[in-house]
Amino acid sequence: MTTNPLHFPEGNPFLEDNLRPVANEITDVHLKATGTIPAYLDGRYLRNGPNPVAEVDPETYAWFAGDGMVHGVRLRDGQAHWYRNRYVRSTTVAHALGERTPRNRFRDGFRAIGANTNVIGHAGKTLALVEGGVASFEMTDELDTVGTCSFDGTLHGGYTAHPLRDPESGELHAISYSFGRGNTVQYSVIGRDGRARRNIDIEVNGSPMMHGFALTSNYVLVFDFPVTFDQAAAASLSMPRRLRKPAELVLNALIGRVHLPDPITIAIGNLAPGNKGFPYSWDNDYPARIGVLPREAPATAIRWFDIEPCYIFHQANAYEDGDTIVLDGVRHRRVFDQNRRDPIEGDPAMHRWVLNLLTGTVHESQIDDRLQEFPRVDERVVGRPHRYAYAPMLSEESEGPTGVILKHDLHTGNTIARDLGPGKEAAEFVFEPASADAAEDDGVLMGYVYDRADDRTDLTFLDAGTLETVGQVHLPQRVPHGFHGNWVPTGL
Ligand SMILES: [Fe+2]
């Protein structure tokens, strides 16, 4: 067990309550469980999130910039075999723990910020993912860090936190952005062999933050929204006070205009200390639009559809329907405008955008007005018509987590809300079907649920049909609220 005596002064909500980092890395092979763990689950539930390895300044700490820590539970034969939590060993983390830095290729992206956002399995590897030009990391099955990730040297300069796997081909599609890419973002396709087979630059209007994107059977949807690289914020994060103004002027002349060579981008990126502020902000002058590009077409074939200004971190899914494309996702009126530390600022609620490929128009409507985030669908319908979407509800008062999980039925328009009970705080839930050909909601939802009264966390399984609790694995320590998780079946 690695112990790390952390102390965080008060004053930053992202270091308090169940966002308070945990200090210890634990392996527990004697887990207690109640109820039923479905026997068809053979694999690992993994989830990544920020967990600063050292003390940070509560004045400047931004949740998005914390060092990454993955919490995982191994399941097989209806039993929970282990729980492990491990820091992703970026340079900062390895140094803080007094360890040798794992494999660390310069071109794989800059390393000041941890790979803290998502964790997936692909081509036999476990990958801790992050975005914005920051290096993603490969981990072992038991969550030890192997080193930075470049998909066998086929993709450099950082990846994305939100790739989407085509359910038929098994390929990973992604849009990657970085302040060094000029006015372009990168569309890549990683094959089942774990290597990039396609990699093109798509022109946009500047240097936007593209957290998510969407996929249909034939198209990739590019979210060109008004959150852009903030040169002043970046200069203040990375430079001594006397150099900030000149650095800002230089960045103003370059960012969103000039495609910097990877080594320059990475060298600049490495100046930014982790566990501090966030260099992207709302930009009133940047138009909001969705690009539609045939998956295998050249970048110049993209068509842009203007939408009302907003931000979508997370789409639920998209699909083609005749001459339209339907996109469901959580719409934020705005983000990173008044509050740079907090991604929840504009009443996130589930919306639908219908893009008409004949007229070039977009029709937007609200599916559900409750505050919610982290929507997920059955991974088998990614890019195909979906009936259900699941999302944890957020508190109207605090905009923080609640114990309520929402299940949207997009055929009937009904939403089921399941309250897990007082003092419970639920995060993203992922769906796994009972069998390969099971119906769309025949399976389980799983995710970490924090119990405020007992200050502990359970990996919780819900029947996706009814949202009733099926079983729980009781974890040996609290899992701080984080970002994204996935079910990684054995052999993926
Ligand atoms: Fe995300």
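**A guided tour from the iron site outwards**

Begin by selecting His 484, which counts as buried because its relative accessibility is 3%, below the 20% limit for that class. The model is a predicted one. His 484 sits in the loop between E31 and E32. Display its surroundings next: apart from neighbours within four places in sequence, His 484 is in contact with Leu 46, Arg 47, Asn 48, Thr 117, Asn 118, Val 119, His 162, His 211, His 314, Phe 374 and Glu 428.

**The iron ion**

Now select the iron ion. Its protein donors are the NE2 atoms of His 162, His 211, His 314 and His 484, at 2.0 to 2.1 Å from the ion. The angles among these four donor atoms run from 91 to 167°, and the site is irregular. Along the sequence, the donor residues follow the spacing H-x48-H-x102-H-x169-H. Highlight His 162 and His 484 together: this pair links distant parts of the chain, 322 residues apart. His 162 belongs to the loop between strand E9 (145-148) and strand E10 (164-165), whereas His 484 belongs to the loop between strand E31 (469-474) and strand E32 (485-489). Both His 162 and His 484 are buried.

**The second largest pocket**

Turn next to the second largest pocket, which holds about 940 Å³ of space. It is lined by 43 residues, and those closest to its centre are Arg 165, Arg 376, Glu 379, Val 382 and Asn 486. Elements that contribute two or more residues to this lining are strand E6 (118-122), E10, strand E20 (315-321), strand E28 (430-433) and E32.

**The nonpolar cores**

Select Ile 175, Ile 202, Met 209, Leu 221 and Leu 327. Within the largest nonpolar core, which has 76 residues, these five touch the most other members. Strand E15 (residues 219-224) gives the most to this core, namely four residues. Centre the view on Ile 175; with residues up to four places away in sequence set aside, it touches Thr 160, Val 185, Gln 186, Tyr 187, Ile 202, Met 210, Phe 213, Val 220 and Val 222. A second, separate core comprises 19 residues, including Leu 31, Tyr 83, Tyr 448 and Phe 461.

**A final stop at Leu 357**

Finally, select Leu 357, in the loop between strand E22 (349-356) and strand E23 (362-368). Is this residue buried or exposed? Leu 357 is buried, because its relative accessible area is 19%, and the class requires a value under 20%. Its C-alpha atom is separated by 7.4 Å from that of Ile 325, 32 residues apart along the chain. Beyond its neighbours within four places in sequence, Leu 357 is in contact with Tyr 219, Val 292, Arg 303, Phe 305, Asp 323, Thr 324 and Ile 325.

Methods: Residues numbered from 1 in each chain as written. Predicted model: local features only at pLDDT ≥ 70, side-chain atom pairs only at ≥ 80, totals over all residues. Heavy atoms only, no water. Donors = N, O, S within 2.8 Å, 3.2 Å for Na, K, Ca; no water. Tetrahedral: all angles 85-135°; square planar, octahedral: opposite > 155°, others 65-115°. Buried < 20%, exposed > 50% of the residue type's maximum accessible area, 1.4 Å probe, protein only. Core = buried A, V, L, I, M, F, W, Y, C linked by side-chain atoms within 4.5 Å. Contact = heavy atoms within 4.5 Å. 1 Å grid on protein atoms, 1.4 Å probe; cavity = no way out; pocket = protein on both sides within 12 Å on 5 of 7 lines; lining within 4 Å. Points joined across faces, edges and corners; volume = space filled by probe spheres on them.
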